[in-house]
Structure formats: C-alpha cells, structure tokens
Amino acid sequence: MVSIDHVAHKILAYIPYVLVLIDMRYDGVKCGRDGNVDHHMEMGKNLLAAGQLADALSHFHAAVDGDPNNYMAYYRRATVFLAMGKSKSALPDLSRVVELKPDFTSAQLQRGNLLLKHGRLDEAESDFKKVLKSNPSDKEEREAQSQLTKSDEIQRLVAQARSSFGSKDYVTAAAQLDTIIETCIWDVASREMRAECFIQMGEMGNAISDLKVASKLKSDNTQAFYKLSTIYYNLGDHEMSLNEVRECLKLDPDHKQCYSHYKQVKKLNKQIQSAEELIQEQRYEDAVSKYEAVIKTEPNVHLFSLLAKERICHALTQGQQASRAISVCSEVLQSDPENVDVLKDRAEAYIQDEQYEEAIKDYETAAKHSENDRQIKEGLERAQRLLKQSQKKDYYKILGVKRTAQKKEIIKAYRKLAQQWHPDNFQDPEEKKKAEKKFIDIAQAKEVLTDPEMRTKFDHGEDPMDPESQQGHNHHFHGGFHGFQGFNPFGSGPFNFKFNFN
C-alpha cells in the first residue's frame, strides 16, 4: 500500500513544473493581447486617415477593451468621436487621457476647448492654465492663452446677460447671448435663456430653433420638449405640438405638465382630423359642426379659432351655402387679409351668390400673393365671363331659380312662366310682341338648363345660344320661333301653340 507521505511528496515535486506552465500560458496571453491592441490601433489609425470613421471607431473600441490603460487608444477614439460630431462622447475619453498621462498637453488643450464650447467655463479655464504651466509648445501656448482670454470675456458676458434677463431687458440679453453662443455653441443654459428671450420678444421661430438644439444637447431635456409643444400649440400647429409633447412623455411618462398638455392637444387633433375626413367625404354640414366643436375645445388660442373658421368657410362654400360662407370667410379675412385659400373660397361663394364683381376682386387679390396658382387664374377667368354674361342674358334669372336648382325645379318654373307669358294671353300688339320675346327667352332658358352639357357651358360663362360665343356650332332659337322644340308656333290662328312639356 502506498503511503500518503509518498503521494504528497510526488505531488509537491510536480508543482514547480505546473507553475512554470501556468506562467508561460499567461505570458503568452499577455503577448497576444498586446499584439492584438497594436493591430487594432494601427487599423483604426489607417481607417481614420481614410475617413472611414465607423470602422475606425470599432477598432479603437477594441483597443480600449484590450488595454484600459492605453492612453493613446482613448485619445484616438476621442478624435474619431469629434470627427463624428459626438463631443459629449469625446469628453470622457479626453479626461481619461489626462488622468493616465497628465503631461499630455494636446489632450488637456483639446479638453479645454470642448469644455469652453459646452459653456463649462471654470473647468475650461483650469485646463488652459494647466497647459500654460506644463512646458507647452509655442503653438499650444498661444492657443491656450487666447482661449483663456476668450473664456474670461465670456464669463463677464454671462454675468451681464443674466442681469439683463433678470431686469426683463430681453433684447439686450439676446444680443449678449448671441456673442456667448458664437463660442459656447453647445451650451444648453445659454440657448434656453436665449429661447426665453425670443419667446418674450415674440420671435417664435428663433425660440423653436434654440429649443430644438437644447433638446438634442441634453438627453433628458423634458422642459425643452414641453416648451416646444406649447409654442407650436399657440401657433396653431396641433400636429407638431403633439409630436413634441410625445417626446417629453417618452423621457418621463409621469411628467405632469406634459401629460396634461398631451390630453388637450390629442383631443383637439382628433377633432380636426375628423372634420377633415368629413370634408373629404363631402359631408360639409357635419364638418362645420365638428369645427365649431374645435372652437369650443380651445377658445383661448386665436389661431385655432381662425383655422376652424377658415375650414368652415371652405366647407360652406363646397356645400353651396353662399351667404353663410361669405360671412364666415369675411370674418377670417379681417384677421388674415392675405389668406389665399380663404380668398379663393369667398370668391367661389360670391360666384354662387352671383356677386361676380366681388368674386373678381377676391381672385385678383389672391393672384397678388400666389401668382402661379392655376385655380386662381381659372376662377378669375370664369368670374369675368359670368359677369359679362350677367350683363346680357341670365337663364337662371329668366326662370327665377337658383344656380343650384335641380331639373325638376327648372321644369316647374318653366311651365308656370310659359303659361303666364303665352302670347295668346295678350291682345295688344305691343304687349304680344313683348310676350313673344319673353316666351322665347323662357323656352331657351329651359332648354339650356335641362341639358347637362349646355348648362355646364353656361355655368362656366359661355352662352350656348349666343352665336358670338358659339361660332361654328348650330343652335336653336337663332331667329324668332324657327326651330322651336316642343311646340308648333304656327298652328291655326296667329298663335296657336301646342305645348309638349318634357
């Protein structure tokens, strides 16, 4: 039987060999790892020089993972981040470089420049001062001194801008912040303050620009999204308002201001979408009711009331309710006299109401603001033709019916007037002659307005019975009763008419 001491002795004899093998194995791993880091560094450097930033970044990531203490890997990666416009990602890498190699003045200077652009003035000044104390090159010294001077100037400007803002001198504050932001381009606080100045000055477009940048510079900037949403809302842009408030709620679903605002905007947005769908379905009266509900939902924002009335004007015009349309359109134009869409709608309503001169005025005004609008050109030409036509013969007026009258109404009016003005009803020669002319007009009106093709021509300003406007075409009624359809004017007696009402 083998003793325990003997076994233990043999195991202890092998331990030195095992330790050597382990040491050799780990030494091989270290050599392989260092070689791998060098490979990634070289590949990253070549790809960066070739402008292949994404691929270069992957290699520098691998180099940092392979050797977390390699300051040059961090520095190269920071360079790629800066080339990609990702300054926030570059800052931690530059800080790590300075931590690993405090005498690396290029990294310290670069970090100072980034901090200055972010508006972190005290930290930037600290970096510039360290560079000046660290035996820099002449170029680095000049740059550090210049940036330090600039940072001091901006410190004074920041104090002045805050003072101006506090005293509600928004114009001065905005001008001071302009100078600050020229250097501190990524400074969120300065952009938000300038946005507030613009809001107070009524320059909403500029406020939106600053707040959009601020929302990107600060990843959790719920307040910027809320302000953007409220600005768009007050400008009457419900869709953009809804988009921005949703971004706020993505960051913080429990944000009280954003959630409350979201419910209001969503309700309004749904009403407006429903109203537009009703217009598309030609349910114009329902669309009017829905837009009236919009006004009730948001009575305090004038632009939403104006939008609703603009669309009510359109729906009423499309629904052939001329007098109501003219009233609502006119109300909108009092607030927005250059609104081309409303001018076109009111012009169409004027045409429906046979106020052709007013329609021409609206189309001419609209043309001044939208010169190449084909609809305006065609509408103006139509209104001019109808005005000319109204000064001659109007078949609707002859029969005493509206332009929207159906065929049944037209025939009914024709029968009544034909009986009233039948020449046999008149004995006096002059009256009979007048009645004959009137009767021909009535018959012509009936023929034109009951024929879809002829009526369409007439509605567009052409007279199908007028030889001047219908050259090359043969029509009835070119002379007295000859060619009269529906009756024979020359039966027994001078006027023995036989009616055949269609």
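**Salt bridges and nonpolar cores**

Me: Arg 324 counts as partly exposed, but what is its relative accessibility?

Reply: Bear in mind that this is a predicted model, where local features need pLDDT of at least 70 and side-chain atom pairs count only at pLDDT 80 or more, while totals for chains, interfaces and linings use all residues. Residues are numbered from 1 along each chain as its sequence is written, and side-chain values use heavy atoms, with hydrogens and water left out. Buried is under 20% relative accessible area, exposed is over 50%, and partly exposed is in between (1.4 Å probe, protein chains only). Arg 324 lands in that partly exposed class, with a relative accessibility of 34%.

Me: Which residue forms a salt bridge with Arg 324?

Reply: A salt bridge here needs a side-chain nitrogen of Lys or Arg within 4 Å of a carboxyl oxygen of Asp or Glu. For Arg 324, the closest N and O atoms are 3.4 Å apart, and the partner is Glu 285.

Me: How many residues apart in sequence are the parts that Arg 324 and Glu 285 tie together?

Reply: Helices are DSSP runs (H or I, at least four residues), numbered from the N terminus. Arg 324 sits in helix α16 (residues 322-335) and Glu 285 in helix α14 (residues 284-297), so the pair joins parts whose separation in sequence is 39 residues.

Me: Which helix holds both Arg 374 and Glu 378?

Reply: These two form a salt bridge, with their closest N and O atoms 2.9 Å apart. Arg 374 is exposed at 64%, whereas Glu 378 is partly exposed at 41%. They're four residues apart, about one turn of the helix, and that helix is α19 (residues 374-390).

Me: What about Glu 358: which residue does its side chain meet in a salt bridge?

Reply: Glu 358 is in helix α18 (residues 356-369), and its partner lies three residues away in that helix. The N to O distance is 3.6 Å, and the partner is Lys 361.

Me: How many salt bridges does the structure hold?

Reply: Some of them are linked: Asp 178, Arg 191, Arg 194 and Asp 210 make up a network. For the structure, the count is 24.

Me: Which residues touch the most other members of the largest nonpolar core?

Reply: A nonpolar core is a set of buried Ala, Val, Leu, Ile, Met, Phe, Trp, Tyr and Cys residues joined through side-chain atoms within 4.5 Å. This one has 60 residues, and the ones touching the most other members are Tyr 291, Ile 351 and Tyr 363.

Me: And how many residues are in the second, separate core?

Reply: Its members include Ala 63, Val 64, Val 97 and Ala 124. The size of this second core is 43 residues.

Terms used. Helices (H or I, at least four residues) and strands (E, at least two) are DSSP runs, numbered from the N terminus.
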